[in-house]
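Trainee: I am new to this structure and should like to understand the reasoning behind the terms applied to it. May I put some questions to you?

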Amino acid sequence: MLAARRALAACRPQAVEARHLTALDRMLGHPVTAVRRAAIRSAYTCPWPELREMVEQRRKVEKHLAPQLQHLAQYLAKSG
């Protein structure tokens, strides 16, 4: 999982691409908490405005990682 996160951070473009948003969306909705946690960490390397809405939607349903998503949402708000 760490390798996947590093790969996403290394290959992410400055401008958002649909494939990256799709990957983060799938990871944020994954049934395994560790995968969702890795997605949150990876999202810090992708301060795209398009990611904000995805994070806000996920915050509505996430129970275990709510504080982490809150912090990410705050970070993204400051970044954009």
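Trainee: Why is R36 called buried?

Mentor: The model is a predicted one, and in it R36 has a relative accessibility of 6%. Buried means under 20% relative accessible area, so R36 with its 6% counts as buried.

Trainee: What makes the contact of R36 and E62 a salt bridge?

Mentor: The rule asks for a side-chain nitrogen of Lys or Arg within 4 Å of a carboxyl oxygen of Asp or Glu. Between the side chains of R36 and E62 the N to O distance is 2.7 Å, and therefore the pair satisfies the rule. R36 belongs to helix 3 (residues 33–43), while E62 sits in the loop between helix 4 (49–59) and helix 5 (66–79), so the bridge ties together parts that are 26 residues apart in sequence. E62 is likewise buried, at 6% relative accessibility.

Trainee: How do you know that R36, R58 and E62 form one network?

Mentor: E62 also meets R58 in a salt bridge, with 3.1 Å from N to O. R58 has a relative accessible area of 19%, under the 20% limit, and is therefore buried. Salt bridges that share partners join R36, R58 and E62 into one network.

Trainee: Why are R59 and E56 described as partly exposed?

Mentor: Partly exposed lies between the 20% and 50% limits. R59 has a relative accessible area of 31%, and E56 stands at 32%, so both values fall in that range. R59 and E56 also form a salt bridge, their closest N and O atoms being 3.0 Å apart. Both residues are in helix 4, 3 residues apart, which means that about one helical turn separates them.

Trainee: How many salt bridges are there by this rule?

Mentor: The count comes to 4 salt bridges.

Trainee: What makes one side of helix 2 its buried side?

Mentor: In helix 2 (residues 18–28), the buried residues are H20, L21, L24, M27 and L28. These residues cover an arc of only 130 degrees around the axis, and therefore they lie on the same side of helix 2. In general, an α-helix has 3.6 residues a turn, so residues three or four places apart point the same way.

Trainee: Which exposed residues does the face turned away from the buried side of helix 2 carry?

Mentor: That face of helix 2 carries A18, R19 and R26.

Terms used
Residues numbered from 1 in each chain as written. Predicted model: local features only at pLDDT ≥ 70, side-chain atom pairs only at ≥ 80, totals over all residues. Heavy atoms only, no water. Helix = DSSP H or I, 4+ residues; strand = E, 2+ residues; numbered from the N terminus. Buried < 20%, exposed > 50% of the residue type's maximum accessible area, 1.4 Å probe, protein only. Arc of directions from axis to C-beta.
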